[in-house]
Amino acid sequence: MKHRVTLIGCGTVGQGLLELLRDGREDLATQHGAEFSLVGVSDLRMGSAEASTGLDVGAVLDAAKRGSFDGLPGSERKRDAIGMIQEVPADILAEATHTDLQTGDPGLTHIRSALTAGRSVVTTNKGPIVLALRELTELARTHGAHLRFEGTVMSGTPVLSVATRDLAGDRIQEIRGILNGTTNYILTRMEIGESYDDALADAQKKGYAEAKPDADVEGYDAQAKVVILAAALMGTELPLSKVPCEGITGITPDMIATARDAGQRYKLISSVRRGAGGVEASVRPMALDLDDPLAAIGGTMNAIDFRTSLLGPLTIVGPGAGRRETGFALLSDLLSVHRAR
Ligand code: HSE
């Protein structure tokens with residue numbers, strides 16, 4: 001089956017997806033019967049390009065490396081994102097613009113616009129899902145479209161799809177996770193004596209940290225992911241303001257040494273659980289005993305530990321960031337939409 005795809009936002013994640021589409025073209029066709037034809041791409045900085053018969057993905061990637069889509073087919077039309085979504089016929093929108101947790105925009109407007117036009121959406125953008133999952137799910141349903149957002153939590157590591165599809169019939173009682181790679185990297189480095197500042201600079205150099213590192217170190221990125229887990233897996237919309245959040249800026253080398261002497265290790269733990277008063281969530285640093293499955297997760301790795309009624313414990317460990325890892329989240333969502341269509 002052929003799917004016409006438009007991509008909005010061609011930064012690290014968008015380019016990661018394009019690389020996988022370029023390199024995986026044959027396998028996608030032979031193993032999955034799926035052809036994803038890139039009919040349009042729009043990026044605030046680089047401009048736009050479009051071709052109803054499909055753009056050459058390799059040429060789009062070369063242009064993205066140069067920083068401009070000028071010279072690609074249809075680039076003279078200079079369509080903005082909304083023009084691209086509304087006017088270029090397509091089946092699926094891949095939305096990979098930056099996250100804004102206050103307004104959700106521009107991604108929220110893009111996703112609303114695509115779903116209203118009956119186009120399915122795959123996205124890694126946390127803002128729109130944090131702020132409007134219920135509304136967007138309803139929009140998708142009304143317009144016969146699909147919405148997928150695996151990459152908003154733990155990048156391409158399958159968490160949301162496993163929980164919604166494979167744990168169907170079970171009931172998730174509690175979720176604890178290490179959902180931010182930057183802070184886990186900093187805590188891991190501090191354990192071997194590196195300073196907080198050096199470890200943060202290193203995480204930024206490796207490309208894990210958010211543009212404003214406050215989002216990582218103050219816990220806001222993890223807080224957003226907790227809200228997504230509560231909404232997607234426990235059916236409870238929690239506003240960010242209802243999730244107490246403490247980052248790692250207060251963790252000192254002394255605290256780490258004291259924890260080590262007591263056979264413990266600090267981790268930034270995100271949790272969501274069903275309590276007597278409903279679903280409760282929080283993000284805070286905790287000293288874990290070393291036999292806790294989350295205590296063993298080092299460096300930029302992420303992990304999530306489910307406690308369910310039937311299966312009991314289930315831990316998933318995997319990358320939570322990165323160009324190909326997050327690009328893969330969009331690819332696996334595209335294939336999920338392929339199966340659903
Ligand atoms: N800055 C995030 C992290 C990236 O460090 O995990 C993905 O949200």
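The exercises below, each with a worked solution, concern a predicted model.

**Exercise 1. The shell around the ligand**

Task: State which residues surround the ligand, and how they divide into nonpolar, polar and charged.

Solution.
Step 1. List the neighbours. The ligand has around it K126, N180, G181, T182, Y208, A209, E210, D216, D221, K225, G320 and A321.
Step 2. Sort them by class. The shell holds 3 nonpolar, 4 polar and 5 charged residues.
Step 3. Assign them to elements. Helices α7 (181-191) and α10 (220-234) each give at least two residues to the shell.

**Exercise 2. Polar atoms at the ligand**

Task: Find how far a nitrogen atom of the ligand is from an N or O atom in the side chain of D216, then treat the oxygen atoms of the ligand with K225 and N180 likewise.

Solution.
Step 1. Begin with nitrogen. An N or O atom in the side chain of D216 is 2.8 Å from a nitrogen atom of the ligand.
Step 2. Turn to oxygen. For K225, a polar side-chain atom and an oxygen atom of the ligand are 2.9 Å apart.
Step 3. Add N180. Its side chain has an N or O atom 3.5 Å from an oxygen atom of the ligand.
Step 4. Put the cover in figures. The ligand taken alone exposes 260 Å², and the protein buries 90% of that area.

**Exercise 3. The second largest pocket**

Task: Describe the second largest pocket by its volume, its lining residues and the elements that supply them.

Solution.
Step 1. Take the volume. The second largest pocket contains about 590 Å³ of space.
Step 2. Count the lining. There are 23 lining residues, and those nearest the centre of the pocket are R148, S161, T164, D333 and S336.
Step 3. Map the lining onto secondary structure. At least two residues come from each of α5 (126-142), β6 (147-148), α6 (160-166) and α12 (323-340). The largest share, 6 residues, belongs to α12.
Step 4. Sort by class. The lining of the second largest pocket comprises 10 nonpolar, 7 polar and 6 charged residues.

**Exercise 4. Two arginines in strands**

Task: Decide whether R176 is buried or exposed, do the same for R4, and give a contact or distance for each.

Solution.
Step 1. Locate R176. This residue is part of strand β7, which spans residues 172-178.
Step 2. Apply the cut-off. R176 is classed as buried because its relative accessibility is 16%, and buried means under 20%.
Step 3. Look for a partner. The side chains of R176 and D292 make a polar contact of 3.0 Å.
Step 4. Locate R4. Strand β1, residues 2-8, contains R4.
Step 5. Classify R4. Its relative accessible area is 31%, so R4 is partly exposed.
Step 6. Compare sequence with space. R4 and I92 are separated by 88 residues in sequence, while their C-alpha atoms are 6.3 Å apart.

**Exercise 5. Backbone geometry in two loops**

Task: Identify the residues joined by a cis peptide bond, and give phi for M154 and S155.

Solution.
Step 1. Read omega. The peptide bond between D105 and P106 is cis, with omega about 10°. P106 belongs to the loop between β4 and α4.
Step 2. Read phi for M154. The value is near 60°, which is positive in a residue other than glycine.
Step 3. Read phi for S155. Here phi is about 40°, again positive, and S155 is not a glycine.
Step 4. Place both. M154 is in the loop between β6 and α6, and S155 is in the loop between β6 and α6 as well.
Step 5. Check accessibility. M154 is buried at 0% relative accessible area, and S155 is buried at 1%.

**Exercise 6. Loop residues and C-alpha distances**

Task: For A96 and D56, state whether each is buried or exposed, then give one C-alpha distance for each.

Solution.
Step 1. Place A96. The loop between β4 (92-95) and α4 (107-116) holds this residue.
Step 2. Classify A96. Its relative accessible area is 12%, so A96 is buried.
Step 3. Take its distance to C10. Along the chain A96 and C10 are 86 residues apart, and their C-alpha atoms are separated by 7.0 Å.
Step 4. Place D56. This residue sits in the loop between β3 (47-50) and α2 (57-66).
Step 5. Classify D56. Its relative accessible area is 52%, so D56 is exposed, since exposed means over 50%.
Step 6. Take its distance to P106. D56 and P106 are 50 residues apart along the chain, with 26 Å between their C-alpha atoms.

Key:
Residues are numbered from 1 along each chain as its sequence is written. This is a predicted model: local features need pLDDT of at least 70, side-chain atom pairs count only at pLDDT 80 or more; totals for chains, interfaces and linings use all residues. Side-chain values use heavy atoms; hydrogens and water are left out. On a 1 Å grid over the protein atoms alone, a cavity is a set of points where a 1.4 Å probe fits but cannot get out, and a pocket is an open set with protein on both sides within 12 Å along at least five of seven lines; lining residues have an atom within 4 Å of a point. Grid points are joined across faces, edges and corners, and a volume is the space filled by probe spheres set on the points. Helices (H or I, at least four residues) and strands (E, at least two) are DSSP runs, numbered from the N terminus. Ala, Val, Leu, Ile, Met, Phe, Trp, Tyr, Cys and Pro count as nonpolar, Asp, Glu, Lys and Arg as charged, and the others, Gly among them, as polar. A residue is near a molecule or strand if one of its heavy atoms lies within 4 Å of it. A polar contact is a pair of N or O atoms within 3.5 Å; within protein, one must be able to donate a hydrogen and the other to accept it, and residues adjacent in sequence count only if both atoms are side-chain atoms. Accessible areas come from the Shrake-Rupley method with a 1.4 Å probe; for residues, only the protein chains shown count as cover. Buried means under 20% relative accessible area, exposed over 50%, partly exposed in between (1.4 Å probe, protein chains only).
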